[in-house]
Amino acid sequence: MHESVLMREVVDLLVVKQGGTYIDGTLGNGGHTRAIIERAGAKSFVMALDRDELALERAGKVLDVFRNQVCLVHGNFSEMAEVARSKGINTVDGVLLDLGVSSEQLDEGCRGFSFMRDGPLDMRMDQQGNDMTAADLVNGLGENELCEILIEFGEEKMARRVVKAIAREREIEPIRTTGRLAGIVERAMGGRRGRVHPATKTFQALRIKVNDELGSLKKGLEGGLSLLGMEGRMAVISFHSLEDRIVKRFFAGHSGKWESLQGGGAEWVGEKPRMQICTKKPIEASIAEMDRNPRARSAKLRVAEKSEMM
Ligand SMILES: C[S@@+](CC[C@H](N)C(=O)[O-])C[C@H]1O[C@@H](n2cnc3c(N)ncnc32)[C@H](O)[C@@H]1O
């Protein structure tokens, strides 16, 4: 069962208005949505999105007791602003993004996200709206293109070696399962060393590409900011450096900063600030939470507040 990460921290920093309206862009199992409603009270409302229809089904059951306070939407959070406005929601008090995949998605071998469970090489979060699977990339792309994906989205240092092995194997027979791909990568990298599986970065890269995760994140941040009312907050939990860098730059780019001048004094650098950063350093999980929930080990929470209307 997916355990929501940084639950107390998210609620403490995000829910600053009783009876407010919030958006949870990554519903998952509904743990954060539920906690937001519980904190924000009986008059609050949450519009929650997920690309994965199975997640909506699961969370719908968990959130049934709050059915008058939630609106669950099957969709990409990159479109949250359009979706919210189409439902008459023009301003919100908070936006949450808890990125990546849930434990359920990882554990269901048939979804193809995990090198730990054999299944079809799929990796689509949205199996209705997205046609391209990881198998299409692995079997269909040229070696250079595949290599670029592993470098850009997996920061895989041995990308060339991994891609050569994939190219050899797919000549024999197309690579259709997570188990076969994991084995190919593991052998290409000389077997297992340490705790981290050698295919971790390859799988991360393919998943990010299949779901255009970084493109969605950039659009979602813009959409969220456009919906926030004054003093509304945006909280983002990321799980790897590529995501965290985008969030950090987005917040910094909208908050500007004072820079000291050589001759004394300081000047404002950047745009007119529209956000104030609430977390100078990203918040990480406590040791107790990391022990309980290994997913929390790489979680980083950043929060910023809207300080100027556009
Ligand atoms: C880490 S889980 C969220 C867990 C949730 N916060 C909870 O408490 O149960 C991430 C969820 O976000 C969904 N997701 C990821 N990217 C998305 C996107 N661009 N748009 C909508 N949903 C997305 C995934 O399908 C997954 O269900």
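Me: How much space lies in the largest pocket?
Reply: Keep in mind that this is a predicted model, with pLDDT of at least 70 needed for local features and 80 or more for side-chain atom pairs, while totals for chains, interfaces and linings use all residues. Numbering runs from 1 along each chain as its sequence is written, and side-chain values use heavy atoms, without hydrogens or water. A pocket is an open set of points on a 1 Å grid over the protein atoms alone, with protein on both sides within 12 Å along at least five of seven lines. The space in the largest pocket, as filled by probe spheres set on the points, comes to about 1500 Å³.

Me: Which helix gives the most to the lining of that largest pocket?
Reply: The lining (residues with an atom within 4 Å of a point) has 37 residues, and Leu 106, Phe 115, Val 196, Thr 200 and Ser 298 lie nearest the centre of the pocket. Helix H5 (103-107) and helix H10 (200-210) each supply at least two residues. With 5 residues, the top contributor is H10.

Me: How many nonpolar residues are in the lining of the largest pocket?
Reply: The polar residues there number 12 and the charged ones 11. That leaves the nonpolar group, at 14.

Me: Where does the ligand sit?
Reply: The whole structure has 1 cavity (a 1.4 Å probe fits but cannot get out) of 30 Å³ or more. About 360 Å³ of space lies in the largest cavity, and Thr 26, Asp 50, Asp 98, Leu 99 and Gly 100 are the closest of its 30 lining residues to its centre. With more than half of its atoms within 2 Å of the grid points, the ligand sits in the largest cavity.

Me: Which element gives the largest share of the lining of the largest cavity?
Reply: Helix H2 (31-40), strand S2 (45-50) and helix H11 (213-227) each give two or more residues. By class, that lining has 8 nonpolar, 15 polar and 7 charged residues. The largest share, 3 residues, comes from H11.

Me: How much of the ligand's accessible area does the protein cover?
Reply: Look at the polar pairs (N or O atoms within 3.5 Å): a backbone N or O atom of Gly 31 is 3.3 Å from a ligand oxygen, and a polar backbone atom of Arg 51 is 3.1 Å from a ligand nitrogen. On Asn 76, a polar side-chain atom lies 2.9 Å from a nitrogen of the ligand. Of the 600 Å² that the ligand has on its own (1.4 Å probe, Shrake-Rupley), the protein covers 99%.

Conventions. A polar contact is a pair of N or O atoms within 3.5 Å; within protein, one must be able to donate a hydrogen and the other to accept it, and residues adjacent in sequence count only if both atoms are side-chain atoms. Helices (H or I, at least four residues) and strands (E, at least two) are DSSP runs, numbered from the N terminus. Ala, Val, Leu, Ile, Met, Phe, Trp, Tyr, Cys and Pro count as nonpolar, Asp, Glu, Lys and Arg as charged, and the others, Gly among them, as polar.
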